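Ready for a few exercises in reading a fold? Have the viewer open, try each task on your own, and then compare notes with the worked solution.

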Amino acid sequence: MSGPLESRILQAASRSVRGEVAAFGQALAEEARASAVLFYGSNLRTGSLEGVLDFYLLHDGPQRERIWPRVSYHEMEQGGETLRAKAATMSLGQFTVAARGESRDTTIWARFVQPSALIWAADEANRDAVLAALSDAARTAARAAAALGPESGPAADFWRALFQATYTAEFRVERAGREDSILAVNAEHFEGLLPAAWVADGLAFSQDGEVLTPRLAKDERQRILAWWRKRQRLGKALNLLRLAKATTTFEGAAKYGAWKVERHTGVALEVTPFAERYPLLAAPGALIRVLRAKRSAKAESPQK
């Protein structure tokens with residue numbers, strides 16, 4: 001890899017992570033026969049082991065599902081502590097296509113223009129392929145930001161416009177101002193990233209201090225906007241399909257749901273074999289047990 005953008009990607013993806021995270025990621029990779037593992041999300045930034053760790057497992061060969069990725073929940077005991085992880089699995093080839101913006105998907109390039117760490121790879125060829133895909137994700141996102149953002153402005157205005165557009169297109173429920181928090185907590189990552197990605201993509205621009213002005217020809221801007229509108233139209237339907245698929249294919253959904261319930265309500269739920277196999281059918285019974293436990297706790301609390 002060469003060039004300012006590629007150097008940035010290499011440095012960012014090579015950041016160190018806690019040993020527990022690296023061990024968990026490698027164990028998941030070996031179980032799934034993956035060729036590379038990316039770690040991302042708030043735990044990457046904070047270094048915390050609390051909550052759920054987020055991994056992408058990338059495997060060789062063709063994409064196995066038409067609606068990707070496949071999502072699963074895992075728990076691992078390390079040093080007397082239970083670590084929890086959510087893993088998304090897809091082929092490295094499909095990940096690369098999506099990062100380039102060549103699929104109908106927006107989630108891969110919009111997610112992986114943000115920080116991630118390549119914590120394990122089977123060999124140098126897979127490592128280089130993932131790093132190249134991360135560079136492609138940055139170029140795709142920056143190209144879209146040039147067309148969706150203002151005529152001129154600081155880099156943050158372009159990223160803000162991009163994330164607002166992708167949240168709307170992906171049918172995601174995000175708090176107002178989510179894009180601002182992403183830029184704030186990852187300020188070092190985004191510092192200088194936009195012009196570096198524009199240079200790598202061959203997109204002309206001028207810069208006056210912090211103010212950037214992309215020099216897009218009219219037909220080029222229209223081409224990018226047409227590319228975006230197609231993905232915008234399909235985004236909600238695609239993500240609804242993914243949500244529908246997840247209700248029946250989310251591996252470990254019952255354990256994940258039980259952990260979430262106990263974390264937020266204090267009510268521990270037994271995960272039965274029936275619940276493991278049919279989490280949707282078991283959900284009403286789980287809800288009844290939670291409500292009963294909360295009523296019982298309220299009745300037993302001292303009256304003031």
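The exercises below go from the sheet to a helix pair and then to single residues, all in a predicted model.

**Exercise 1. Work out the strand order of the open sheet, and find which strands form its edges.**

Solution. Start by tracing the pairings across the sheet: its five strands come in the order β3-β4-β2-β1-β5, and the pairing is mixed. Next, look for strands that pair on one side only; these are β3 and β5 (116-121), the edge strands. Finally, compare directions between neighbours: ignoring direction, adjacent strands are turned by 30° against each other on average.

**Exercise 2. Describe how β1 and β5 pair, and say which helix lies across them.**

Solution. First take the sense of the pairing: β1 and β5 run antiparallel, joined over five bridges. For one concrete bridge, pick Ala 36, whose partner in β5 is Ala 121. Then look at what covers these strands: α6 lies across β1, β2 and β5, and it runs at about 165° to β5.

**Exercise 3. Classify the packing of helix α4 against helix α6, and list the residues that meet.**

Solution. Step one is the geometry: α4 (residues 92-99) and α6 (residues 124-148) pack at an angle of about 25°, and their axes are 8 Å apart. Step two is the class: angles under 35 degrees count as roughly parallel, so α4 is roughly parallel to α6. Step three is the hand, and this crossing is left-handed. Step four is the contact itself: from α4 come Leu 92, Phe 95, Thr 96 and Ala 99, while α6 offers Asn 126, Ala 129, Val 130, Ala 133, Leu 134, Asp 136, Ala 137 and Thr 140. Sorted by character, the residues of this contact are eight nonpolar, three polar and one charged.

**Exercise 4. Decide whether Gln 78 and Thr 89 are buried or exposed, and name what each one touches.**

Solution. Begin with Gln 78, which lies in strand β3 (residues 70-78). Its relative accessible area is 17%, and the cut-off for buried is under 20%, so Gln 78 is buried. Setting aside residues up to four places away in sequence, Gln 78 touches Glu 20, Ala 23, Phe 24 and Leu 83.

Now move to Thr 89 in strand β4 (residues 81-91). With 5% relative accessibility, Thr 89 is buried as well. Beyond its neighbours within four places in sequence, Thr 89 contacts Leu 57, His 59, Glu 65, Pro 69 and Arg 70.

**Exercise 5. Find out what marks the backbone at Pro 69 and at Arg 33.**

Solution. Pro 69 has just appeared as a contact of Thr 89, and it sits in the loop between β2 (53-59) and β3. Check omega on the bond leading into it: from Trp 68 to Pro 69 the value is near 0°, and the peptide bond is cis.

For Arg 33, go to the loop between α2 (19-32) and β1 (36-40). Here phi is the angle to check: it is near 55°, a positive value in a residue other than glycine. Arg 33 is also exposed, with 74% relative accessible area.

**Exercise 6. Show which residues Thr 106 contacts away from its sequence neighbours.**

Solution. Locate Thr 106 in the loop between α4 and α5 (107-112). A relative accessible area of 4% makes Thr 106 buried. Excluding neighbours within four places in sequence, its contacts are Glu 170, Trp 228 and Arg 231. Take Trp 228 as a last check: Thr 106 and Trp 228 are 122 residues apart along the chain, yet their C-alpha atoms are separated by 9.1 Å.

Technical notes. Residues numbered from 1 in each chain as written. Predicted model: local features only at pLDDT ≥ 70, side-chain atom pairs only at ≥ 80, totals over all residues. Heavy atoms only, no water. Axes fitted to C-alpha atoms, helices over the stretch in contact; angles between N-to-C directions. Helix = DSSP H or I, 4+ residues; strand = E, 2+ residues; numbered from the N terminus. Parallel < 35°, antiparallel > 145°, perpendicular 65-115°, else oblique. Left-handed = near helix turned anticlockwise from the far one by under 90°. Contact = heavy atoms within 4.5 Å. Nonpolar A, V, L, I, M, F, W, Y, C, P; charged D, E, K, R; others polar. Buried < 20%, exposed > 50% of the residue type's maximum accessible area, 1.4 Å probe, protein only. Pairing = 2+ DSSP bridges.
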